[in-house]
Amino acid sequence: MDKGLHIRVRGLVQGVGFRPFVWRLARECGFGGDVLNDGGGVVIRVWGEAGRLEAFLRRLESDAPPLARIDNVVSAGLDTGPPNGGFHILQSETGVIETGVVPDAAICPDCLADIQDPANRRYRYPFTNCTHCGPRLSIIRAIPYDRGHTSMAEFTLCAPCREEYENPADRRFHAQPNACPDCGPHVWLEDEEGGIAPEAGEDAIEAASRLIRQGFIVAVKGIGGFHLACDGGNDAAVNTLRARKHRYDKPFALMAVDAPMIESYAELDAKSRQWLEDAASPVVILPVKPQRPPLAAGVAPGQDTLGFMLPYTPLHHLLMQGLDRPAVMTSGNRSDEPQCITNDEARVHLAAIADYWLMHDRDIVNRLDDSVVRVVDRHMRVLRRARGFAPAPIKLPPGFADARNILAMGAELKNTFCLIGRGQAVLFAHIGDLEDAAIHGEYLKALELYRRLFDFEPEVISVDMHPGYHSSALGAQMAARDDLPLIKVQHHHAHIAACMAEYALPLDSAPVLGIALDGLGLGEDGQLWGGEF
């Protein structure tokens, strides 16, 4: 006997091809009904044979698209009959926002094959993407995650791209950044005087690769901000970059063509390789190989490790194809300033650093630094959580499901703020040190963005006990303005509480002994403590 189900799927299920996946699965099962996005995630109404509906529910989780993360599936019976005409994908609805925003994802193998195929209409197109890869948080202004809410709104789809976008059987169905050379963003090359033409037989990206090989510093507009790129084996180029950027000791990140190139320079175990090739595509800290090809001494002075990442956008893949050794790929900013995200910012702020600029006209809405991870004792540890990880929510341990909405303002250095509610923590990407005026401005902008994206109204504001922190002062002002409780948390207590959450200790856990040796934090006696048991 046929019956109907109303199914609510929560988690990271928008912008990952979940609706077409449901459409294909329902059609395969011969079911009628519909599916749509709303503020809470995905809603499915489906009618079919009772026994097969149980299998359908199981496959929703077991066969979900690669970028999806399902937190829960709740189903209830339907009394009404099915609509006529099979199974349909409906327009998105708005409402109370409970769904997450998917992090930006590295280019998938299918899109990589497209840009490498001379017969493909996206051959060497640096903005190729599909529902399995490409920009998300970096281009989004609001949810539901539809094209009109992203920086792709100004690019009108051409007929072939529109056909892909509207075809549920296509992997680019509702891929919001979908584009091609005829209708999408484009890339060009500039010097300090303005736009320049590549040499004969080159496109702008090939010209940028040549300039890097010749020892120049090129500012490259990526997915979450600008990079400063130069030849990692050229001592003069690397030393010039250090001098111009006023960054004298801190190691530079490197980008390699592929994993075999990295293996020539660093020890690469299976777990590290897994994270290099993950959709998050972070910088992975690796031990230096004793015997390796030469690198510029200024890449990582005094270090026995190197930070490597693989190309994660089509543009980076095309750029690296022209290089036969790793490139320095460091944040496009002056020391202690935020990474540049607009073309005008890059022209002004990087004028004394870069020789050339590889630009494009897709706006970066939200700045995202590269994430940094390290494998310790076969476990991945996040050192900087940004592109590829943020803003995916972190599920909190038992006991937090009914907690009030808490806005935790974060510390002064290497700031990250956090929204707590519905049993999960939503951390913003790494921001930086709030003592810098520009970074403080970014902090305020990010707070507004996250509250809007997640429809978040705090009921409690939490700050560090130190009254001199900019984040603490701002939190106190917000609490006073909105008449909210303000909780002052001792610095080292916060560190240990975070460790407890990471290891999923429940809210009513027995006491633990924590050791925090983090440099500096205000103690309960009003003195500055360098560490604490």
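Here is a friendly conversation about a predicted model, touching on its sheet, cores, rings and loops.

Biologist: What should I know about how this model is treated?

Modeller: The model is predicted, so local features need pLDDT of at least 70 and side-chain atom pairs count only at pLDDT 80 or more, while totals for chains, interfaces and linings use all residues. Residues are numbered from 1 along each chain as its sequence is written, and side-chain values use heavy atoms, with hydrogens and water left out.

Biologist: Which strands stand at the edges of the eleven-strand sheet?

Modeller: Strands here are DSSP runs of E with at least two residues, helices are runs of H or I with at least four, and both are numbered from the N terminus. Two strands pair if DSSP finds at least two bridges between them. The open sheet has mixed pairing and follows the order β7-β6-β14-β8-β9-β13-β10-β12-β11-β15-β16. Each edge strand has a single partner, so one side of it is left without a neighbour in the sheet, and these strands are β7 (194-196) and β16 (379-384).

Biologist: By how many degrees are neighbouring strands of this sheet turned against each other on average?

Modeller: Axes are lines fitted to C-alpha atoms, for helices over the stretch in contact, and angles run from 0 to 180 degrees between N-to-C directions. For neighbouring strands of this sheet direction is ignored, and the average turn is 35 degrees.

Biologist: Which residue is the bridge partner of M255 in β13?

Modeller: Strand β10 (residues 253-255) and strand β13 (residues 327-331) run antiparallel and are joined by two bridges. Within β13, M255 has as its bridge partner A327.

Biologist: Which helix gives the most to the largest nonpolar core?

Modeller: A nonpolar core is a set of buried Ala, Val, Leu, Ile, Met, Phe, Trp, Tyr and Cys residues joined through side-chain atoms within 4.5 Å. Buried means under 20% relative accessible area, exposed over 50%, and partly exposed in between, with a 1.4 Å probe and protein chains only. The largest such core has 40 residues, and F308 and L350 have the most contacts inside it. With four residues, the element that gives the most to this core is α7.

Biologist: Which aromatic residue forms a tilted pair with F308?

Modeller: Rings of Phe, Tyr and Trp (its six-membered ring) pair if their centres lie within 6.5 Å; planes under 30 degrees apart count as stacked, over 60 as edge-to-face and the rest as tilted. For this pair the centres are 6.3 Å apart, with 45 degrees between the planes. One partner lies in helix α7 and F308 lies in strand β12, so the pair ties together parts that are 43 residues apart in sequence. The partner of F308 is Y265.

Biologist: How many residues apart in sequence are the parts that W275 and F389 tie together?

Modeller: The ring centres of W275 and F389 are 6.0 Å apart and the planes stand at 35 degrees, so this pair is tilted. W275 counts as buried at 15% relative accessibility, and F389 counts as buried at 12%. W275 lies in helix α8 and F389 in the loop between β16 and β17 (394-395), so the separation in sequence of the parts they tie together is 114 residues.

Biologist: Which residue has R387 over the face of its ring?

Modeller: A charge sits over a ring if NZ of Lys or CZ of Arg is within 6 Å of the ring centre and within 35 degrees of the ring normal. R387 lies at 3.5 Å from the ring centre, over the face of Y312.

Biologist: How many of the ten residues of helix α5 are buried?

Modeller: Helix α5 covers residues 204-213 and is mostly covered. Its buried residues include A204, I205 and L211, and the buried residues of α5 pack against elements including β6 (187-191) and β14. Of the ten residues, the buried ones number eight.

Biologist: Is D114 buried or exposed?

Modeller: D114 is found in helix α3 (residues 109-116). Contact means heavy atoms within 4.5 Å, and, not counting residues up to four places away in sequence, D114 touches residues including N120, R122 and R171. With 11% relative accessibility, D114 counts as buried.

Biologist: Which residue is joined to P391 by a cis peptide bond?

Modeller: P391 has its place in the loop between β16 and β17. The omega of this cis bond is about 5 degrees, and the residue joined to P391 is A390.
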